[in-house]
Structures are given as C-alpha cells and as structure tokens.
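Work through these exercises with the structure open beside you. Try each task before you read its solution.

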Amino acid sequence: MSHLRSRDYERMLDLAVAVLESKDPDALQHLVAAHLLETFGCGTVILARFDVTSLVGRGSGADGWAPTSIGPDVDDLVVRRARQRHPLVGYLGAGGRRPVTMDRICDGWRNTRCFSEARHDFGTTRQLGIPLPSDGNVMRAVSLGRKGRDFSTRELAFAARIQPLLLSAENHIQELRSLRRATAPDGDDSSAAALLPAAEHGLTPREQTVLGLVAQGLTADVIGRRLTISPHTVNRHLEKIYRKLGTNNRVSTVVQARRAGLVP
C-alpha cells in the first residue's frame, strides 16, 4: 500500500471532528461530501444509495453531495445511473468492497453512456467509488468524479484508509436521525427541537447516539459494531454520559434519560 502523507491523516481527523461535533444530522452527509471534494480535488462528490436488485432504479437516490449547485437534479441523476447499470452498481451487487476506479472494473468504460453523460454534464472523465457496506438490497457508496488526471495509487490507498471512517459517520448519522425522530416533541422532528434535551444536559451528538443504543439494551460490543468503533470507546462515551446525568450504571442512566426525554 502506498505511503500516506501527514496531511492525509490530518484530513481524516478534521472530518471525524466535524462529524462528531455537528448537531444537525440532515447536514452531515453534505458536510462529508464537501470535505471529500476538497480532499481529493474533485469536481463532484455524491453519497449515493443503489438498490442493486431494482432494474428501474427504484430505491436509489442521493443522501449528500457537493458542490451544492448539483443539488436540484442529483437524485434523478443517481436513479438514472442505477437504471443504466453504472459499473459501480454491478460492483456493489457482486460484493465489491474496496475503493475502485471505474476504468478498472469496466473494460469499455469510456464508451458507456454513463461516461458520456458525466463528461457532458460535469466535465468528469475520472470516477472513483468508495463502497459503504451495509446489509440488505440497498447499498451505499461515495462516488467521486473529476476531470483530467486519474486517481493515483496514493489516493486509492487514502480512500481505503478513510473508508471505515466514512462508514462510521454513515452509521452515526442514521442512528442520530432515528433517535431524533423517536424523541421529537409533538411530532416536531426538526434538529433544534429534537436535540434540545441533549443540549440542556451537555451531551454531544455522539454521546446521545450511544445513549440511544444503550436504551435499546445493546451491549458495548454490539454498539461498537453498529457505530464502527471499539467497545472501549463505547465505554468511554458511557462514562461521560454517567457524569453528565449524575448516574453510575446503565439502568439508572436509561431511567434518568427517559424522564428527561433524551430517549424514547
């Protein structure tokens, strides 16, 4: 594997901090896309989901993108790529998990309709896919496109190194959204309304996510797998939650959290 630069590790840390400190799950995937746009020097970044079993693109779409100017049509774009059987769709469906460039998995890539449309619409001549493995038929991936130079060996190595962080961020976002919907007062699922109780108790978004999973009765090992972090890290978050809620064990913490409207 190509050696990474110190700046690569700095960028990974910057992304991790930005994700964990953000209190708005609806903005997080756009934040991730914008970070990758700058990091890889791309023209477009799309956090896409593909239903690998659907021939008409149903279930496919975009969860985040950069730059913001591509926003109005990006959902339709992903559905169209799914219908065209973009090489990344086939790669995901076949169990592909490593970051890959499209010309490495499609011999006639430059002769495909997908390539022609991307070049016409965005000037894109190079594409890199970073799978975000998940269960079920809907697969997620980050699609990066740019004009000119191909993605280097070092960039592919960096994509492989940042892939677990992107997956962890995706899991964090999904859990935070679920908790927000479950605790929103009177059906108001806006970020401000749903996260207010957590803010009053000084809980970070990450701690709120861990607390929500603890309330479901999950162990540190299971929570760690769900959020793609170690059980040790889960327990560190839990210790901070105990201090902030004035508790000292899981049972009293969940009871206190329910009384405060922090968890359903």
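Helices and strands here are DSSP runs, a helix having at least four residues and a strand at least two, numbered from the N terminus. The model is a predicted one.

**Exercise 1. Place proline 67 and describe the peptide bond that joins it to alanine 66.**

Step 1. Find the loop. Proline 67 sits between β2 and α3, the helix of residues 71-83.

Step 2. Look at the bond. Alanine 66 and proline 67 are joined by a cis peptide bond. Its omega is about 0°.

Step 3. Look at the strand before this loop. β2 covers residues 61-66. Of its 6 residues, 6 are buried, so the strand is mostly covered; buried means under 20% relative accessible area.

**Exercise 2. Work out the strand order of the open sheet, and say which strands stand at the edges.**

Step 1. Recall how strands join. Strands of a sheet pair through backbone hydrogen bonds, either parallel or antiparallel.

Step 2. Read off the order. The open sheet has 5 strands, arranged β2-β1-β5-β4-β3, and the pairing is antiparallel.

Step 3. Find the edges. β2 and β3 (100-101) each have a single partner strand, so one side of each has no neighbour in the sheet.

Step 4. Check the pair at β2. β1 (residues 44-51) runs antiparallel to β2, with 5 bridges. One bridge can be followed by residue: alanine 48 has alanine 62 of β2 as its partner.

Step 5. Check the pair at β3. β3 and β4 are antiparallel and joined by 2 bridges. Here threonine 101 has leucine 128 of β4 as its bridge partner.

Step 6. Add the helix. α2 (residues 25-40) lies across β1, β2, β4 and β5 (138-146). It runs at about 50° to β2.

**Exercise 3. Is threonine 125 buried or exposed, and what does it touch?**

Step 1. Place the residue. Threonine 125 is in the loop that links α6 (113-122) to β4 (126-132).

Step 2. Compare its accessibility with the cut-off. The value is 17%, and buried means under 20%, so threonine 125 counts as buried.

Step 3. List the contacts beyond four places in sequence. Threonine 125 touches Trp109, Arg110, Phe115, Arg119, Arg146, Lys147 and Gly148.

**Exercise 4. Classify how α9 crosses α10, and then how it crosses α11.**

Step 1. Take α9 (residues 205-215) with α10 (residues 220-227). Their axes come within 10 Å and cross at roughly 130°. That angle makes α9 oblique to α10.

Step 2. Give the handedness. The crossing of α9 with α10 is right-handed.

Step 3. Name the residues that meet. α9 brings Arg206, Thr209, Val210, Leu213 and Val214, while α10 brings Ile223, Arg226 and Leu227. This contact has 5 nonpolar residues, 1 polar and 2 charged.

Step 4. Now take α9 with α11. These axes come within 9 Å and cross at roughly 95°. Angles of 65 to 115 degrees count as roughly perpendicular, and α9 and α11 are therefore roughly perpendicular to each other.

Step 5. Name this second set. On α9 the residues are Arg206, Glu207, Val210, Leu211 and Val214. On α11 they are Val234, His237, Leu238, Lys240, Ile241, Lys244 and Leu245. The contact divides into 7 nonpolar, 1 polar and 4 charged residues.

**Exercise 5. Describe the surroundings of leucine 211.**

Step 1. Place the residue. Leucine 211 belongs to helix α9.

Step 2. Judge its exposure. Leucine 211 has a relative accessible area of 0%, so it is buried.

Step 3. Compare sequence with space. Leucine 211 and histidine 237 are 26 residues apart in sequence. Their C-alpha atoms are 8.7 Å apart.

Step 4. List contacts, leaving out neighbours within four places. Leucine 211 is in contact with Leu203, Ile241, Leu245, Thr253, Ala257, Leu262 and Val263.

**Exercise 6. Where do arginine 85 and threonine 228 lie, and what are their phi values?**

Step 1. Start with arginine 85. Its loop runs between α3 and α4 (87-93). Phi is near 55°, a positive value in a residue other than glycine. Arginine 85 is partly exposed, at 35% relative accessibility.

Step 2. Go on to threonine 228. Its loop lies between α10 and α11 (231-245). Phi is positive, about 60°, although threonine 228 is not a glycine. Its relative accessible area is 33%, so threonine 228 is partly exposed.

Definitions and conventions: Residues numbered from 1 in each chain as written. Predicted model: local features only at pLDDT ≥ 70, side-chain atom pairs only at ≥ 80, totals over all residues. Heavy atoms only, no water. Buried < 20%, exposed > 50% of the residue type's maximum accessible area, 1.4 Å probe, protein only. Contact = heavy atoms within 4.5 Å. Axes fitted to C-alpha atoms, helices over the stretch in contact; angles between N-to-C directions. Parallel < 35°, antiparallel > 145°, perpendicular 65-115°, else oblique. Left-handed = near helix turned anticlockwise from the far one by under 90°. Nonpolar A, V, L, I, M, F, W, Y, C, P; charged D, E, K, R; others polar. Pairing = 2+ DSSP bridges.
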